[in-house]
Amino acid sequence: MQHSARFVSLFFTGMLAVVSSTCLAEPETQQIPPIESRISEEKINDALSSAYKKYKNLKEGANANYIPALDKVDSSIFGIVLVTVDGKVYTAGDIKSEVSIQSISKVFTMAKVTEEKGIAALPKKVGVDATGQVFNSINAIEQHQGHEMNPLVNAGAITTTSMVSGKSYNEIWNKLLGYYSDFAGRELTVLEDIYKSEAATNQRNQAIAHLMYAYGHIDGDPLQATDIYTRQCSVGVNAKDLGTMAATLANAGTNPITGKVLVKPEDMPEILAVMATAGLYDDAGKWLYRTGLPAKSGVGGGIIAVSPGKFGIAAISPLLDEAGNSVRAQKAIADISAALGGNPYEATPYGK
Ligand code: DON
């Protein structure tokens, strides 16, 4: 009975599809205008080169030094890459030098856990609320016994890493590295000197992981989760890698250069929302006010930002401000996005 009802409904749906396709006489292929018809190639190149020239000689800020190897990174590195959702790449400055991805990795581990466990898993286990406190705050954990965090602060990020499935350390690690590489569109590797330096000095993160274990958020070995997290932070990326990773987020989870689907389009709004509220830590509000862009920074000096449906943009410069965000990368991305109308909150009155 149930079967025949289902058949009848399928039959009518099928008939309706045939009828509507003949009656409405849709054109055979719908032409999507290239992104250049909305933002011209010339405008993009101008925006990148003027931001690069404007900030090239700015020396404000300092390298992170709480991880000794980061202090030794060449602080003159400065590169900007914008990748449109139709896969066009625009560059200014140094797009080859690699820095460690650091906290930017947290976005992609969040995406992996979302892919494996569904969109509801992270809010349940770590929360999705901005803490308003520094990225490695222990007070924030104590305040709500590890609830009310988000996947982009250390407590939430280490917990998120602990949720990636796999029978062994190597299986989990290879899966994560492969996933990050798919976002970048090339095989990424770990900067071993950064990994060793951070692994030797990450006692605070070990304490955070133990607290999250004690409060029941981490199920497995908290030290294994901390070590995989430390390794994910040490992955080497250049500005082009980060620009492509950002563009994949802007393109509803599909890498616009390789065409590989990495996040379900329906999961992207929630991932971008967490980036908007917590991507630049205790300065996330100021950043969102200024640009409207979901973004993520790392103490290696990289920042990615996403203009959904338009472009992803990344800049690298290791000189950081007090909150741990790259000074030049923030300024360059903000200027470029403003010049290109990247702010997703911008609209024109109906009919104008
Ligand atoms: O947990 C840490 O200390 C680093 N591996 C990552 C921190 C980070 O990038 C904060 N970002 N602005």
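**Exercise 1. The shell around the ligand**

How many residues surround the ligand, and which are the closest?

*Solution.* Start with the source of the coordinates. This is a predicted model, where local features need pLDDT of at least 70, side-chain atom pairs count only at pLDDT 80 or more, and totals for chains, interfaces and linings use all residues. Residues are numbered from 1 along each chain as its sequence is written, and side-chain values use heavy atoms, with hydrogens and water left out.

Step 1. Apply the cut-off: a residue is near a molecule if one of its heavy atoms lies within 4 Å of it.

Step 2. Count. The ligand is surrounded by 14 residues. The closest are Tyr 66, Gln 102, Ser 103, Glu 198 and Tyr 229.

Step 3. Sort by class. Ala, Val, Leu, Ile, Met, Phe, Trp, Tyr, Cys and Pro count as nonpolar; Asp, Glu, Lys and Arg as charged; the others, Gly among them, as polar. The shell then holds six nonpolar, seven polar and one charged residues.

**Exercise 2. Polar contacts and cover**

Find side chains that make polar contacts with the ligand, then state how much of the ligand the protein covers.

*Solution.* Step 1. Fix the term. A polar contact is a pair of N or O atoms within 3.5 Å; within protein, one must be able to donate a hydrogen and the other to accept it, and residues adjacent in sequence count only if both atoms are side-chain atoms.

Step 2. Take the ligand oxygens. The side chain of Ser 103 places an N or O atom 2.7 Å from an oxygen atom of the ligand. Asn 205 has a polar side-chain atom 3.0 Å from a ligand oxygen.

Step 3. Take a ligand nitrogen. It lies 3.5 Å from an N or O atom in the side chain of Tyr 281.

Step 4. Read the cover. On its own, the ligand has 340 Å² of accessible area, and the protein covers 99% of that (Shrake-Rupley method, 1.4 Å probe).

**Exercise 3. Two positive phi angles**

Which values does phi take near Gln 102 and Tyr 281? Place both residues in the fold.

*Solution.* Step 1. Recall the background. Most residues other than glycine have a negative phi.

Step 2. Read the angles. Phi is near 50° for Gln 102, a positive value in a residue other than glycine. For Tyr 281 phi is near 55°, again positive in a residue other than glycine.

Step 3. Locate them. Helices (H or I, at least four residues) and strands (E, at least two) are DSSP runs, numbered from the N terminus. Gln 102 is in the loop between β3 and α4 (105-117). Tyr 281 is in the loop between α13 (268-278) and α14 (284-291).

Step 4. Check burial. Buried means under 20% relative accessible area, exposed over 50%, and partly exposed in between (1.4 Å probe, protein chains only). Gln 102 is buried, because its relative accessibility is 2%. Tyr 281 is buried too, at 9%.

Step 5. Add a partner. Ser 100, in strand β3 (residues 99-100), is buried at 4%. A 3.1 Å polar contact joins the side chains of Ser 100 and Gln 102.

**Exercise 4. A histidine in a loop**

Is His 217 buried or exposed? Name its backbone partner.

*Solution.* Step 1. Locate His 217. The loop between α10 (203-214) and α11 (222-233) holds this residue.

Step 2. Read the accessibility. His 217 counts as buried because the value is 3%.

Step 3. Find the partner. A polar side-chain atom of His 217 lies 2.9 Å from the backbone oxygen of Lys 125.

**Exercise 5. Helix α15 and a distant pair**

Compare the burial of Asp 335 and Ile 333, then find a residue apart in sequence from each.

*Solution.* Step 1. Place both. Asp 335 is in helix α15 (residues 327-340), and Ile 333 is in helix α15 as well.

Step 2. Read the burial. Asp 335 is partly exposed at 27%, whereas Ile 333 is buried at 0%.

Step 3. Pair them. Asp 335 is 45 residues from Arg 290 in sequence, with 9.9 Å between C-alpha atoms. Ile 333 and Val 81 are 252 residues apart in sequence and 9.6 Å apart, C-alpha to C-alpha.

Step 4. Try a loop residue. Val 299, between β5 (295-297) and β6 (302-307), is buried at 10%. Its C-alpha is 6.2 Å from that of Ala 64, 235 residues away in sequence.
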